[in-house]
Structures are given as C-alpha cells and as structure tokens.
Amino acid sequence: MRNDQPLSPRFTRALVLSLVCLTSSACADITPAVDTSRNNRAEDEATAKEVRKSAEEGDASAQNRLGLLYDEGVGVPQDYRQAKEWFEKAAKQGHVGAQANLGTLYLQGAGAPQSAQMAVFWFSRAAEQGDVLAFAKLGWMYAQGRGVLQDFIQAYMWYNLSAAQGEQRAAEARDALAKQMTPAQIAEAQQLAREWKPRGK
C-alpha cells in the first residue's frame, strides 16, 4: 500500500538524521577492523597485510574486514573502489556485514556509481539474513522512496524489525513515521513484522 502524503519537514529531518547515523555506523563490523586507540601506523599496516593474506585466500570475513580498512583508510590508503571490491567479494559469498556495507557504498556513491536500487538490493540480501542495520536502512529507503516506491507500511515494518532487536534509532524513526500513518496502516505494518521470517527459516 502506497502513501502519497508529503512528509512533514520535522519528519524528514528525523529521517535524514537517522540515515546519517545509520550510514556512519553502516560499515561497522562486530569487532573493530583495527584498534585505532593507539596511533601506530606500522602496526596498522602489519594488520592490513595479515588481513589481506586471508582475504586473498577467499576468507569472506577477512575480505569484509579489508574492505573496512580501505573504507576507513587504516593501514592502507583510503580507497572506496578497493573497499567496494573487497565488500563485493565477501557479499557474494553471503557475508551479511559485507552486503550491508556494499549497499551503503552504493547509497553514498562511494567507490561505485550512486544507485539507490543497488543499495536496496544489497540491504535486502543482508536483511534476509536478519541484519538489524539492514532492516533500518530498508525502512529509510521505503520511507523516502529511494530505489523503491514510497511505502510507509513497508518502512514501518522494517523499522519495527530493527527496533525489536534493540536499534534505538530505528525505533525513533518508526515512531516519527507513525505520526504520518493511519491506525489501519500501522496495524498492517505490525502484522507484516510479526509474520516476517529470515530466508530459509
């Protein structure tokens, strides 16, 4: 169900701030790529070299981690094209973090042509595996109509799935979106969220 109502400026600001927060944390991995609390360039370069060896051997986690190093410019020169290349290798192997990271690069147009459709594709792949940030990013994409038709019910559903896993920014975006929706739309979105299951489960 599509909602063609214009978004209020307050709601739009909340969504933009939410995306900025989500995008800045999008390339976060469960463990930091490198401990940056110590500014030790030689150690960072040694870590990058070690990660590259595993990545070149086909280790998807190492490929994602190397993509993060290139994205952040830690131990290697910052290079979004290299980040995309390594995220893509890991994403094609099904690495959920790399899929979300790759979607973020497409959304930002960093290292790849800006493509909301490709961002939705990779966020959807990560969401199919239950990735909390991918849920929130899909919520934003549907709320804004970026790469998909604007659909507040789908947006609410994805935000709700993310919020249920503890993502506070998604809960805030969901609650802001609810102010633009009818009770029937909210009920439908909540039902969809209850029925949603990761692929293969």
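In the predicted model, Lys84 is placed in helix α4, which spans residues 80-92. Its relative accessibility is 15%, so Lys84 counts as buried, the cut-off for that class being under 20%. Beyond its neighbours within four places in sequence, Lys84 is in contact with Leu102, Leu105, Tyr106, Gly111 and Ala112. Of these partners, Leu102, Leu105 and Tyr106 carry numbers that fall within helix α5 (residues 96-108).

Helix α4 also holds Glu85 and Lys89, which are four residues apart, or about one turn of the helix. The side chains of Glu85 and Lys89 form a salt bridge, with an N to O distance of 3.8 Å. Glu85 has a relative accessible area of 35% and is therefore partly exposed. Lys89, at 35% relative accessibility, is likewise classed as partly exposed. Lys89 has a further partner in Trp86: the charged end of Lys89 sits over the ring of Trp86, at 4.4 Å from the ring centre. Lys89 thus takes part in a salt bridge with Glu85 and in a charge-over-ring arrangement with Trp86.

Ahead of helix α4 in the sequence, the loop between α3 (60-72) and α4 contains Pro77. Pro77 counts as exposed because its relative accessibility is 64%, where the class requires over 50%. The C-alpha atom of Pro77 is 10.0 Å from that of Glu45, a residue 32 positions away along the chain.

In helix α5 (residues 96-108), the position examined was Gly97. Gly97 has a relative accessibility of 15% and so belongs to the buried class. Between the C-alpha atoms of Gly97 and Ala134 the distance is 9.0 Å, with 37 residues separating the two along the chain.

The fold as a whole comprises 10 helices and zero strands. Along the sequence the pattern reads α-α-α-α-α-α-α-α-α-α. The protein has 201 residues, of which 48% count as buried. Among contacts with a separation of 6 or more, 57% are made by residues 24 or more positions apart. The accessible surface is about 10200 Å², and carbon and sulfur atoms account for 50% of this area.

The largest nonpolar core contains 56 residues, and within this set Met141 and Trp158 touch the most other members. For Met141, the contacts outside its neighbours within four places in sequence are Leu107, Ala116, Ala119, Val120, Phe123, Arg146 and Val148. Trp158, the other residue singled out in the core, also belongs to an aromatic cluster together with Phe135 and Trp196.

Four aromatic pairs were counted in the model. One of them joins Phe121 and Trp122 in an edge-to-face arrangement, with 4.9 Å between the ring centres and 85 degrees between the planes. The two residues of this pair fall into separate accessibility classes. Trp122 is buried because its relative accessible area is 4%, whereas Phe121, with a relative accessible area of 37%, is partly exposed.

Side chains of opposite charge can pair when their charged atoms come close. Seven salt bridges were found in a search of the whole structure. Besides the bridge between Glu85 and Lys89, the set includes a bridge between Arg52 and Glu56, in which the closest N and O atoms are 3.9 Å apart. Arg52 and Glu56 are separated by about one helical turn, because they lie four residues apart in helix α2 (residues 41-56). Arg52 is partly exposed, with a relative accessible area of 25%, and Glu56 is exposed at 55% relative accessibility.

Lys53 forms another of the salt bridges, with Glu57 as its partner and 3.0 Å between the closest N and O atoms. Both ends of this bridge are classed as exposed: Lys53 has a relative accessible area of 53%, and Glu57 has a relative accessibility of 59%.

Terms used. Residues numbered from 1 in each chain as written. Predicted model: local features only at pLDDT ≥ 70, side-chain atom pairs only at ≥ 80, totals over all residues. Heavy atoms only, no water. Helix = DSSP H or I, 4+ residues; strand = E, 2+ residues; numbered from the N terminus. Buried < 20%, exposed > 50% of the residue type's maximum accessible area, 1.4 Å probe, protein only. Contact = heavy atoms within 4.5 Å. Areas by Shrake-Rupley, 256 points an atom, 1.4 Å probe, with all protein chains shown as cover. Core = buried A, V, L, I, M, F, W, Y, C linked by side-chain atoms within 4.5 Å. Phe/Tyr/Trp six-rings, centres within 6.5 Å; stacked < 30°, edge-to-face > 60°. Lys NZ or Arg CZ within 6 Å of the ring centre and 35° of its normal. Salt bridge = Lys/Arg side-chain N within 4 Å of Asp/Glu carboxyl O.
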